[in-house]
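Biologist: I have just opened this one and I don't know my way around yet. Could you walk me through it while I look?
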Amino acid sequence: MIIYHRVKIGRKPHGNFDKNYNMATGTWQIDAGHSQIGFKVKHLGIAHVNGVFNDFSGEMVSDGEVFDQAEVRFSINVKTIDTNNAQRDEHLRSDLFFDAERFPVILFNGKLVHRDLAYQLAGDMTILDTTKPVLLDVLFTGAGTGRFGERRVGFEVSGKIRRKDFGLNFHLLNEAGDLVVGEEVKFTGDIELFRQ
């Protein structure tokens, strides 16, 4: 089953939309030191376990003065998964979940599409050896100039997938019949990019 996820956008970008999106063309690199990619998943159907990936990279290529139709590529180092619990992190890296030795990266290739006062990011995500189309919600959060004169922009990204659609099939029930690890994975990204 392929999941296409849409979230209702209720917040406008900061400042004047047309002005903020009138950027110079070029290639934009993710500044990992000022960005974060996180996720959360239900534990025992009760509460969420939160985590991040500590190593990732990516770029956005914009051919026009707006980000509509910009190409986006990023990769995530699976071995850097961090849920603030070393034993759980090793379990997630094992062949019961991400099998990080055989499949060390999560990949995404897609395109930004302008929707109302925000964007959606449509593309293909690869986890393990499975590639599926996904649709993520993207909110422009601002633009400015860095300390060395470089142009910078920011975005918030959100979405969710069903982990089993990507081959993450770990299945364990507690005595009450609840899934130990939920099937829906929600993820967010606070992304800052600078123009090369």
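Modeller: Happily, and let us begin with one residue: leaving aside residues up to four places away in sequence, Glu183 touches Ile161, Arg162, Arg163 and Lys164. Please keep in mind throughout that this is a predicted model.

Biologist: Where is Glu183 found?
Modeller: Glu183 is found in strand 11, and its C-alpha is 8.8 Å from that of Asn169, a residue 14 positions apart from Glu183 in sequence.

Biologist: And which residues does Lys186 touch?
Modeller: Lys186, whose place is also in strand 11, touches Gly38, Phe39, Lys40, Gly159 and Lys160, again not counting residues up to four places away in sequence. The pair Lys186 and Lys40 is worth a look, since these residues are 146 residues apart along the chain while their C-alpha atoms are separated by 5.4 Å.

Biologist: Is Lys186 buried or exposed?
Modeller: Lys186 falls in between and counts as partly exposed, because its relative accessibility is 33%, and the range for that class runs from 20% to 50%.

Biologist: OK, stepping back, how many helices and strands does the protein have?
Modeller: The protein has 2 helices and 11 strands, and if you read along the sequence they follow the pattern α-β-β-β-β-β-β-α-β-β-β-β-β. Of the contacts with a separation of 6 or more, 61% are between residues 24 or more positions apart.

Biologist: How much of it is buried?
Modeller: Buried residues make up 45% of the 196 residues, while the protein exposes about 10800 Å², with carbon and sulfur atoms supplying 49% of that area.

Biologist: Changing topic, how many salt bridges are there?
Modeller: The count comes to 11 salt bridges. As background, side chains of opposite charge can pair when their charged atoms come close.

Biologist: Which parts does the salt bridge between Arg152 and Glu192 tie together?
Modeller: In that salt bridge the closest N and O atoms of Arg152 and Glu192 are 2.8 Å apart. Arg152 lies in strand 10 (residues 151-162) and Glu192 in strand 11 (residues 181-195), so the pair ties together parts that are 40 residues apart in sequence. Arg152 counts as buried because its relative accessibility is 18%, whereas Glu192 is partly exposed at 23%.

Biologist: Which residues are linked with those two in a network?
Modeller: The network of salt bridges links Asp31, Glu150, Arg152 and Glu192.

Biologist: What about Lys160, which you listed as touching Lys186?
Modeller: The side chain of Lys160 meets that of Glu184 in a salt bridge, with 3.2 Å from N to O. Lys160 lies in strand 10 and Glu184 in strand 11, so this pair ties together parts that are 24 residues apart in sequence. Both residues are partly exposed, Lys160 at 26% relative accessibility and Glu184 with a relative accessible area of 36%.

Biologist: And how far apart in sequence are Glu90 and Arg93?
Modeller: They are 3 residues apart, about one turn of the helix, and both lie in helix 2 (residues 86-93). Glu90 forms a salt bridge with Arg93, the closest N and O atoms being 2.6 Å apart, and Arg93 is partly exposed at 21%.

Biologist: Next, how much space lies in the largest pocket?
Modeller: About 830 Å³ of space lies in the largest pocket. It is lined by 44 residues, and the closest to its centre are Gly38, Phe39, Phe53, Val185 and Phe187.

Biologist: Which element gives the largest share of the lining, and what classes of residue are there?
Modeller: Strand 11 gives the largest share, with 7 residues, and by class the lining has 33 nonpolar, 6 polar and 5 charged residues.

Biologist: Last thing, what is the phi of Asp99?
Modeller: Phi of Asp99 is near 50°, a positive value in a residue other than glycine. In general, most residues other than glycine have a negative phi. Asp99 sits in the loop between helix 2 and strand 7 (105-115), and with a relative accessible area of 12% it is buried.

Biologist: Then where is Leu128?
Modeller: Leu128 is in the loop between strand 8 (118-127) and strand 9 (130-145). Leu128 has a positive phi of about 55° although it is not a glycine, and at 14% relative accessibility Leu128 counts as buried.

Notes
Residues numbered from 1 in each chain as written. Predicted model: local features only at pLDDT ≥ 70, side-chain atom pairs only at ≥ 80, totals over all residues. Heavy atoms only, no water. Salt bridge = Lys/Arg side-chain N within 4 Å of Asp/Glu carboxyl O. Helix = DSSP H or I, 4+ residues; strand = E, 2+ residues; numbered from the N terminus. Buried < 20%, exposed > 50% of the residue type's maximum accessible area, 1.4 Å probe, protein only. Contact = heavy atoms within 4.5 Å. Areas by Shrake-Rupley, 256 points an atom, 1.4 Å probe, with all protein chains shown as cover. 1 Å grid on protein atoms, 1.4 Å probe; cavity = no way out; pocket = protein on both sides within 12 Å on 5 of 7 lines; lining within 4 Å. Points joined across faces, edges and corners; volume = space filled by probe spheres on them. Nonpolar A, V, L, I, M, F, W, Y, C, P; charged D, E, K, R; others polar.
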